[in-house]
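Let's take a walk through this model, with charged pairs as our guide and one side stop at the end. Keep the structure open and turn it as you read.

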Amino acid sequence: QVQLVESGGGSVQPGGSLTLSCAASGRLFDVYATEWYQQTPGNERERVAIRTNSGSITYADSVKGRFTISSDAGKNTVFLHLNSLEREDTAIYYCSTVYYGGTGYWGQGTQVTVSS
């Protein structure tokens, strides 16, 4: 299986920027996509970005134009660049790895708080 560790969360003012990292180890083959989700208390996790192995990238409408997903294959790491942050972006952010065959795994999450 894969182990995923998110980092880079913290507190930032509205309009600020933050970069989240997701470092993977273990199963690093047969990966279909890496995804980023956000979750607030009482709500379901919602996907904000997905990058497939082929390089296709899709963003949720709520973050389109503000968030950017990228990767460093040599470090087995995927990043989520958060720009023009809004209070509504406050959430725990999780990364997941989805494999060909339909299985997927989650990291532990990292907290992002946007406030004045």
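Search the whole structure for salt bridges and you come away with 5 of them. Keep in mind as we go that this is a predicted model.

Start with E35 and R47, whose side chains meet in a salt bridge at 2.8 Å, N to O. The two partners sit in distant parts of the chain, 12 residues apart: E35 belongs to strand β4 (residues 31-39) and R47 to strand β5 (residues 46-52). So which end of this pair is tucked away? Look at the accessibilities. E35 has a relative accessibility of 7%, and because buried means under 20%, E35 counts as buried. R47 comes out at 41%, so this arginine is partly exposed. In other words, the bridge joins a buried glutamate to a partly exposed arginine.

Now swing over to K64 and D61. Their side chains also meet in a salt bridge, this time at 3.0 Å, N to O. Are these two residues buried or exposed? K64 is exposed, and D61 is too.

Next up is R66, which forms a salt bridge with E86; the closest N and O atoms here are 3.9 Å apart. What does this pair tie together? R66 lies in the loop between β6 (57-59) and β7 (67-72), while E86 lies in the loop between β8 and β9 (91-99), so the bridge links parts of the chain that are 20 residues apart in sequence. As for burial, R66 has a relative accessible area of 12%, so it counts as buried. E86, at 35%, is partly exposed. There's a further partner to look for here, since R66, E86 and D89 are linked in a network of salt bridges.

Finally, leave the charges behind and find T77. This threonine is in strand β8, which covers residues 77-82. With a relative accessibility of 10%, T77 falls under the cut-off and therefore counts as buried. What does its side chain have for polar company? A polar atom of the T77 side chain lies 2.8 Å from the backbone oxygen of K75. Set aside the neighbours within four places in sequence, and T77 is in contact with S21, C22 and A23, and also with S71 and D72. Put together, T77 is a buried residue with a polar atom of its side chain 2.8 Å from the K75 backbone oxygen.

Note on methods: Residues numbered from 1 in each chain as written. Predicted model: local features only at pLDDT ≥ 70, side-chain atom pairs only at ≥ 80, totals over all residues. Heavy atoms only, no water. Helix = DSSP H or I, 4+ residues; strand = E, 2+ residues; numbered from the N terminus. Buried < 20%, exposed > 50% of the residue type's maximum accessible area, 1.4 Å probe, protein only. Polar contact = N/O pair within 3.5 Å; in protein donor to acceptor, adjacent residues only side chain to side chain. Contact = heavy atoms within 4.5 Å. Salt bridge = Lys/Arg side-chain N within 4 Å of Asp/Glu carboxyl O.
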